[in-house]
Each structure stands twice: as C-alpha cells, then as structure tokens.
Amino acid sequence: MASTAESSASGEDKKKPIVIITIGMAGAGKSTFVQQINSYLHSKDSPPYVLNLDPAVANTPFEANIDIRDTVDYHKVMKEYNLGPNGGILTALNLFTTKFDQVLDLVEKRADTVDYVILDTPGQIEIFTWSASGAIITDAVASSLPTVVAYVIDTPRTAAPATFMSNMLYACSILYKTKLPFILVFNKTDVQPHDFALEWMHDFEAFQAALATHKGTTDDEGEPTYMNSLMNSMSLVLDEFYKHLTAVGVSSVTGAGVKEFFDAVDASRAEYEKEYLPELERAREAREKSLKAVKEDSMSRFMKDLTLDREQNPTAAAADRYEAGDENEDEDDDDDLDVNIIDRSEDAWPGQYIDVTRMRPRNDEGMAWPRPG
C-alpha cells in the first residue's frame, strides 16, 4: 500500500515534458541541431520524443518517433495537385494537420516517460511560421504542454550587419506571433564564434560601429545610404526586444553549448507558466463565454421560430415526429478515409539515435518529376 501511494505521488509530481519547436532559415542547420540535442539527451539516458514535420526531407540524421513522411507522400501531393516544391510542402503539412489530434494523443501517452518533445520543422521557414497549419500545430502543442521556440541562426552568415538585422527582425516577428518563450540559438559556432552577435545585441554603439565600417553603407559621396539609416533606426527599436531574449551559442558538429541550451530550455518553463498559461486561460474563458452567448441567442431565436411555425402549421407539426432507428440512416462513411498516425516508438528500439550512415533512404526511383511549363 505504501509503495502504491509513493508511486502515485511520484506520478503526480512528474512534470510535463517540454516541447522544443526548432525554427530557422533554410541552411541554418535545424536538422543537424536536432540530431545533436537528440544525441545529447540519449547520452543522459533521457531519450526525447521526436517529431519530423518536414515532408520533403530526403533523409534525417535522427530517427523520428512520428514522421510526417509516414502519413503524407510529398511527391504524390505535388503530382496530384500539380504543385511546385513549396506548394507541395505546404499542402502536405495542411493534410498532416488534419490528423494532429492523433499526434497529440500519442505525445500525451508518452508524457510520463519523456522529459522533452522535439519538433523539427520544414526548411522553408515561412511555410511553418506564417501558415494556418503551423499556427494550429503551435497552438495545439502549447495549450497542452510547456513549449519553447528555438530559433536557429546561421552564425557565419550573420556576421554582416544587414543579415544580422534581418534575422533579428524575423525572430522578433515570430516571438510576438507565438508569444511563447524564445531562445536564439547561434549555430555553427565551431566556424564562427557568436561573441560579435551578443555584443551587437547588448551594445548599440558596437553595432553602429560595425555598420559604419561595413562595405556598402555609404554612397559615392560618402553619405549614409538609406539601408544604413534604416538599420540604425531598427537597432534602436530592437534594443528593448533584446532585453527579453535568451541567446546561446551551439555547435551542432562538436556539441559545444548544448548543455547551456538545455539550461535555457529548463528555465523557460517558469516563463511559460507565468506568462503564457494565464494568457491562454483568459483567451479560452473569453472564447467560451462568447460561444455560450451565441449558442443561447441562436437557441432562443430557433425556439421562437419553431413555436410560431407549429402554431401556423399544426398538420406539419403533427407529422414531424422522431422515429427510432433514424439515426442509423445517415451514418458518416468517412471512416474509410482515415489515415492513422504511425508512432515508431513501437519498433524494436524506440526513439533510437542513428548517425548519418544509417539514414533511411527515400524510395522514389520511379518518381515522375513535374516539369516547368
């Protein structure tokens, strides 16, 4: 009895796993970053639950528990709907989103056995961040589990002030769109240290100095260009934005900085519970109150119309009677179209880490690629 009570108490004390949504520009190293943090967690005997949401990736350097490619065939989507690469990815993600309730059920079933859930998103950042399906997935996950957004940045390519400012503006827009805890992950620090980026974020004058010495910031007469003035102004605007950001440097090749990244992830749980959850509850209560008022108003008007109709048409009202068995006549036949989500955790080695020499090949030798025109 005592052991049962202790086990139940430990189950109640078990915190929900944290969901890490990895987002970043194409080529920033998102999948390699996911592989590295996946390997790190396996080395700590805490395997994560990994979801691959990129339907167009040929191979992944990690074994996903749930893979969108097992549910939606990206190449068939392109062929059937006559779409290009980006349209095919977006449509495949939309189709997968219609089954995301099954994904949430599978994730919640594993909530007691994992500490982290990792989502690897498509390489085309706008497909996930600005699409309806991306918003649905983000909101659905964040309403169920503590969630943090990891924005992966290609550090060597950010050495130019203009590229740095572009990345910061995109990060700012994603932060205010999701309203979730946000971590800037400066990737590839084995190639280029991220110290310059931290200095630019915390020292406005250092960024201005770098901007003044960068090629192309002045015209032929030595006057600052429009782009130079714009970036100066934007750096002032983003100064407040930087104060609420957590930034870490990571090398997805060597693994440097991964521990610091998970320290930041664990610290974000408090921010999620303090800021996001109360706002979510307020929005949910307001929505339920609004829906209830609309339903009551609609029901009231319906009953008034029904009473008036029965008074004016007593013969039709008498014939309008419920017959037992009628509910079986209009059964929904859509069940045959259901496609269940595959959870690869049921395989021989659940969530096993694999290296690039064991990546799953893509069987598309017979694929007829669409031609332009």
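This passage covers salt bridges, surface patches, helix geometry and unusual backbone angles in a predicted model.

Six salt bridges are present in the structure. Some of them are joined: D154, R157 and K188 make up a salt-bridge network. Within this network, R157 pairs with D154, and the closest N and O atoms lie 3.6 Å apart. The two partners differ in their surroundings. R157 is exposed, at 58% relative accessibility. D154 is buried, because its relative accessible area is 9% and the cut-off for burial is under 20%.

Two further salt bridges belong to helix 13, which spans residues 258-312. In one, the side chains of E279 and R282 meet at an N to O distance of 2.7 Å. E279 and R282 are three residues apart in helix 13, so about one helical turn separates them. E279 is partly exposed, with a relative accessible area of 40%. In the other, R301 bonds to D297, with 3.2 Å between the closest N and O atoms. R301 and D297 are four residues apart in helix 13, again about one turn of the helix. Both partners are partly exposed: R301 has a relative accessible area of 47%, and D297 has 42%. The spacing in these pairs fits the helical repeat. An α-helix has 3.6 residues a turn, so residues three or four places apart point the same way.

Helix 13 also contributes to the surface in another manner. M299 lies in this helix. Together with F302 and M303, M299 forms a nonpolar surface patch. The accessible area of M299, F302 and M303 together is about 320 Å². M299 is partly exposed, its relative accessible area being 49%. That value passes the threshold for patch membership, because patches take residues with over 30% relative accessible area.

A second patch is charged. D195, E199, D203 and E205 form a negative patch on the surface. Of these residues, D195 is placed in helix 9, which covers residues 195-202. D195 is exposed, because its relative accessible area is 52% and exposure begins over 50%.

Helix 8 runs over residues 161-178 and contains 18 residues. From its first C-alpha to its last, helix 8 reaches 26 Å. This is close to the 26 Å expected at 1.5 Å a residue. Several side chains of helix 8 are nonpolar and buried, including F164, M165, M168, I174 and L175. The buried set further includes P161, N167, A171, C172 and T178. Just after helix 8, K179 adopts a positive phi of about 60°.

Positive phi values also occur in two loops. D45 has a phi near 55°, although D45 is a residue other than glycine. D45 sits in the loop between helix 2 (30-43) and strand 2 (49-52). At 70% relative accessibility, D45 is exposed. N82 is likewise not a glycine, and its phi is positive at about 55°. N82 is located in the loop between helix 3 (74-81) and helix 4 (85-97). N82 is exposed as well, with a relative accessible area of 69%.

Key. Residues are numbered from 1 along each chain as its sequence is written. This is a predicted model: local features need pLDDT of at least 70, side-chain atom pairs count only at pLDDT 80 or more; totals for chains, interfaces and linings use all residues. Side-chain values use heavy atoms; hydrogens and water are left out. Patches are made of residues with over 30% relative accessible area and no salt bridge: like charges are joined within 9 Å, nonpolar side chains (Val, Leu, Ile, Met, Phe, Trp, Tyr) within 5 Å. Accessible areas come from the Shrake-Rupley method with a 1.4 Å probe; for residues, only the protein chains shown count as cover. A salt bridge is a side-chain nitrogen of Lys or Arg within 4 Å of a carboxyl oxygen of Asp or Glu. Lys and Arg count as positive and Asp and Glu as negative; His and the chain ends are not counted. The place of a charge is taken as NZ of Lys, CZ of Arg, CG of Asp or CD of Glu. Buried means under 20% relative accessible area, exposed over 50%, partly exposed in between (1.4 Å probe, protein chains only). The expected span of a helix is 1.5 Å times one less than its number of residues.
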